[in-house]
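Please look over the sequence and the model below before reading on. The text then goes through the structure part by part.

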Amino acid sequence: MQIRDRKAKILILFLVVIVGVVAFRVISNILARQDQAQKSRQGKVAVVAAERPQYRTITPKFRFSGSLDPVWQADVAAKIDGRVEKVLVEEGQAVEAGQTLAVLDQADTAANLLNARGLYVDARTNYEKARTDLGRYERLYEQGAVSRETLDNMRFAVENAKGKLDAAQGNLRLRESESGGANLVTPRAGIVQTRYHQEGYYAKTGTALFNVADISTLRAKIDVPEGYVSSVEPGGTVDFVIPSRKGQDKHVRGTITHISPVAEGAARTFAAEVTVDNRDGSLRGGVYADTTITAVPREHALTVPLSAIVMRDDQRTVYIVQDGKAVRRVIKTGYIGDNLVEVLDGISADDQVITGGQNKIREGSNVRISGEKDS
């Protein structure tokens, strides 16, 4: 038994030695190849394109999508219960502020108004009579012909008559308002977008009968990212492209009229309002549009070509040439567009930034700028 254990231990030791030798050879080969590759890279010079950053005046442009909606639209509803007697407008018709759109049956409202007028006249007559009687009783009281209690009762009668007069006057105004409510009028000028019901429909108070929209001015609401909001100001121009239109009619210009002072939501965007003059009625409300906002120009902005940017670990970086070697720099960028990148931090105007050939280099690679002679 001891002989078997001894043989097993010798076998295990032998296998360990073999594995160690193999591992040593593999690691040695890998290190040798890496050393050879490193020496090869050190001896090789990559030819790259490079240029210095330039100061420019840039005009940032930001693109969004949205719809051009009427600046005002509302449902026009019935103020009273009644059957629709006449519809005076059609869908798509232009209407003026205060124009009557429909008339409700006025038989009940006319009767109620007539009754209210009669009650008001009766209450006013009773009030005037009570005042006259009070004046007479006041003179009789001064002469000692009536008691103080009788005079006070007459004064209470006047107050009572005045209260009934006020109630009758309020009822009359209500019935006059109802009578006026039989004519459905639009509060603003616009276009009749929708007619919900035909003649003969019995409308209850608050039932929408029409939708009217003022499309003389159209409005788009867009969300400007926090990083761009400082570049956008009220009064700035906005270019719209409307895919549903053809030719030059696709292009429409608008104006930024308002930018919210407070960011919204987790995305921290700022709501901006853009308006388009549509007094000629050439545009329809609610059309889809691609929006391009032209921001405030930035003078003396340090820029590099877009081709200089290399993404590394979600960071924008560039390679600069320093003492014949490629050195990577992480940069902070501003506006990106028109094949230019605004650089806020990370490099200076004196650096030579590699703009082509980055696929042939890495950090520390030997480089030569195209067009320069070997030293």
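What follows is a walk through selected parts of this predicted model.

The walk begins at helix α1, which spans residues 2-43 and holds I30. I30 belongs to a nonpolar patch on the surface, whose other members are L11, F14, L15, I18, V22 and V26. Together these residues have about 630 Å² of accessible area. I30 has a relative accessible area of 44%, so it is classed as partly exposed.

Next comes strand β1, made of residues 46-51, where E51 is found. Like buried and exposed, the term partly exposed rests on relative accessible area, and E51 falls in the partly exposed class because its value is 31%. E51 and D69 are 18 residues apart along the chain, and their C-alpha atoms are separated by 47 Å. If residues up to four places away in sequence are not counted, E51 touches P305, D351, Q352, V353 and T355.

One of these partners, D351, sits in the loop between β20 and β21, the latter covering residues 353-356. Is D351 buried or exposed? D351 has 14% relative accessibility and therefore counts as buried, since the cut-off for that class is under 20%. A polar atom of the D351 side chain lies 2.9 Å from the backbone nitrogen of S348. With neighbours within four places in sequence left aside, the contacts of D351 are E51, R52, P53, I320 and R329.

The interior can be described through its nonpolar cores. The largest nonpolar core has 29 residues, and L68 and F240 are the members that touch the most others. Two or more residues of this core come from each of β3 (61-77), β10 (208-225), β11 (237-241), β12 (251-259), β13 (269-277) and β14 (287-294). The element that gives the most is β10, with six residues. What does F240 contact, leaving aside its neighbours within four places in sequence? F240 is in contact with L68, A220, K250, H251, V252, G254, V274, V276, A289, D290 and T291. Another core lies apart from this one; it has 18 residues, including V76, A78, V87 and A182.

Strand β10 also holds N211. N211 has a relative accessibility of 11% and so counts as buried. Its side chain makes a polar contact of 2.9 Å with the side chain of D75. D75 is also among the residues in contact with N211 when neighbours within four places in sequence are left aside, and the others are Q73, A74, I191, V192, Q193, T194 and Y196.

Two loop residues remain, and both concern the backbone angle phi. D313 is in the loop between β16 (310-312) and β17 (315-322). Phi of D313 is near 55°, which is a positive value in a residue other than glycine. D313 counts as exposed because its relative accessibility is 75%. D338 is placed in the loop between β19 (332-337) and β20 (340-345). D338 is not a glycine either, yet it has a positive phi of about 55°. With 59% relative accessibility, D338 therefore counts as exposed.

Terms used:
Residues are numbered from 1 along each chain as its sequence is written. This is a predicted model: local features need pLDDT of at least 70, side-chain atom pairs count only at pLDDT 80 or more; totals for chains, interfaces and linings use all residues. Side-chain values use heavy atoms; hydrogens and water are left out. Patches are made of residues with over 30% relative accessible area and no salt bridge: like charges are joined within 9 Å, nonpolar side chains (Val, Leu, Ile, Met, Phe, Trp, Tyr) within 5 Å. Accessible areas come from the Shrake-Rupley method with a 1.4 Å probe; for residues, only the protein chains shown count as cover. A salt bridge is a side-chain nitrogen of Lys or Arg within 4 Å of a carboxyl oxygen of Asp or Glu. Helices (H or I, at least four residues) and strands (E, at least two) are DSSP runs, numbered from the N terminus. Buried means under 20% relative accessible area, exposed over 50%, partly exposed in between (1.4 Å probe, protein chains only). A nonpolar core is a set of buried Ala, Val, Leu, Ile, Met, Phe, Trp, Tyr and Cys residues joined through side-chain atoms within 4.5 Å. Contact means heavy atoms within 4.5 Å. A polar contact is a pair of N or O atoms within 3.5 Å; within protein, one must be able to donate a hydrogen and the other to accept it, and residues adjacent in sequence count only if both atoms are side-chain atoms.
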